[in-house]
Amino acid sequence: MSPIQAIKDWYVSLDNELQSDIAYMFVSLTLGDRQLAPAAAVRRLLQWFDVRSEGTEHEDALAAVTFRASFEYIFAERFTGAGWIFPEQTFKDVIREAAEGKEASKIATSAFRLLRSLPDRRTKWKEAGENWNALVNSTINDDALRQWTQDQFLASDYGPAQD
């Protein structure tokens, strides 16, 4: 299985909420498509996986590196309890400011909903992180990507001549 297909398989195994979060951030920040709604971002990311898996072995491996680096930069802190301290405090601050009649009251309802769902989201992200780390350690670390790329090249028409 190609590295980008392995990442796609991991991605589609996730809860829909996590898929939306990942797709929206990846598509917005890495691919620069900032105008997409979350559902459209999921479709765009799935399309990106498919297009990259149809390329050469090097394109596939480099897409895996791109996704891995972007994903870890954006989301790795969510794999730990400490990574949730800032969002939790932010939600509490928004709710407090809304109670005091400040501007934040417009988003207080969303902040309250997000704060209430934090324990469940932490659990989902912890599990996703464990599965992600297993994928990285087995299939998409630098050594595994180099080996896969070399194996694909050697098996191709461009590899060493067969006697």
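Good morning. Leaving aside neighbours within four places in sequence, Gln 19 is in contact with Tyr 11, Val 12, Leu 14 and Val 42. I begin with this residue, in what is a predicted model, and shall work outward from it to the helices.

Gln 19 belongs to helix α2. Is this residue buried or exposed? Its relative accessible area is 10%, and because buried means under 20%, Gln 19 counts as buried.

The next residue to consider is Ser 20, also found in helix α2. With a relative accessible area of 23%, Ser 20 is partly exposed. If residues up to four places away in sequence are not counted, Ser 20 touches Tyr 11, Pro 38 and Val 42. From C-alpha to C-alpha, Ser 20 and Ala 41 are 7.2 Å apart in space, although 21 residues separate them in sequence.

These details lead to the pairing of two helices. The axes of α2 and α3 come within 8 Å and cross at roughly 75 degrees. That angle makes α2 roughly perpendicular to α3. Which residues of α2 and α3 meet? From α2 there are Gln 19, Ser 20, Ile 22, Ala 23, Tyr 24, Phe 26 and Val 27, and they meet Pro 38, Ala 41, Val 42, Arg 44, Leu 45 and Trp 48 of α3. By class, the residues of this contact between α2 and α3 are 10 nonpolar, two polar and one charged.

Helix α3 also packs against α4. Here the axes of α3 and α4 come within 8 Å, and they cross at roughly 150 degrees. On the α3 side, Leu 45, Trp 48, Phe 49, Arg 52 and Ser 53 take part, meeting Asp 60, Ala 63, Thr 66 and Phe 67 of α4. The contact of α3 with α4 has five nonpolar, two polar and two charged residues.

Let us turn to α4 itself. Its 19 residues, at 1.5 Å a residue, should span 27 Å, and the end C-alpha atoms are 26 Å apart, which agrees. The buried residues of α4 include Glu 57, Asp 60, Ala 61, Ala 64, Phe 67, Arg 68, Phe 71 and Phe 75. What covers the buried residues of α4? The cover includes α1, α2, α3, α6 and α7. A general point is useful here: an α-helix has 3.6 residues a turn, so residues three or four places apart point the same way.

Leu 62 offers a contrast within helix α4. Its relative accessible area is 56%, and Leu 62 is exposed. The C-alpha atoms of Leu 62 and Arg 43 are separated by 21 Å, with their positions 19 residues apart along the chain.

My last pairing is α4 with α7. The axes of helix α4, residues 57–75, and helix α7, residues 142–155, come within 9 Å and cross at roughly 165 degrees. This makes α4 roughly antiparallel to α7, and the crossing is right-handed. On α4 the contact is made by Glu 57, His 58, Asp 60, Ala 61, Ala 64, Val 65 and Arg 68, and on α7 by Asp 142, Leu 145, Trp 148, Thr 149, Gln 152 and Phe 153. How do the residues of the contact of α4 with α7 divide? There are six nonpolar, three polar and four charged.

To close, Asp 60 of α4 is a residue worth finding on the structure: it is buried, Asp 60 is among those that meet α3, and Asp 60 is also among those in contact with α7. Thank you for your attention.

Conventions. Residues are numbered from 1 along each chain as its sequence is written. This is a predicted model: local features need pLDDT of at least 70, side-chain atom pairs count only at pLDDT 80 or more; totals for chains, interfaces and linings use all residues. Side-chain values use heavy atoms; hydrogens and water are left out. Axes are lines fitted to C-alpha atoms, for helices over the stretch in contact, and angles run from 0 to 180 degrees between N-to-C directions. Helices (H or I, at least four residues) and strands (E, at least two) are DSSP runs, numbered from the N terminus. Angles under 35 degrees count as roughly parallel, over 145 as roughly antiparallel, 65 to 115 as roughly perpendicular and the rest as oblique. A crossing is left-handed if the near helix is turned anticlockwise from the far one by less than a right angle, and right-handed if clockwise. Contact means heavy atoms within 4.5 Å. Ala, Val, Leu, Ile, Met, Phe, Trp, Tyr, Cys and Pro count as nonpolar, Asp, Glu, Lys and Arg as charged, and the others, Gly among them, as polar. The expected span of a helix is 1.5 Å times one less than its number of residues. Buried means under 20% relative accessible area, exposed over 50%, partly exposed in between (1.4 Å probe, protein chains only).
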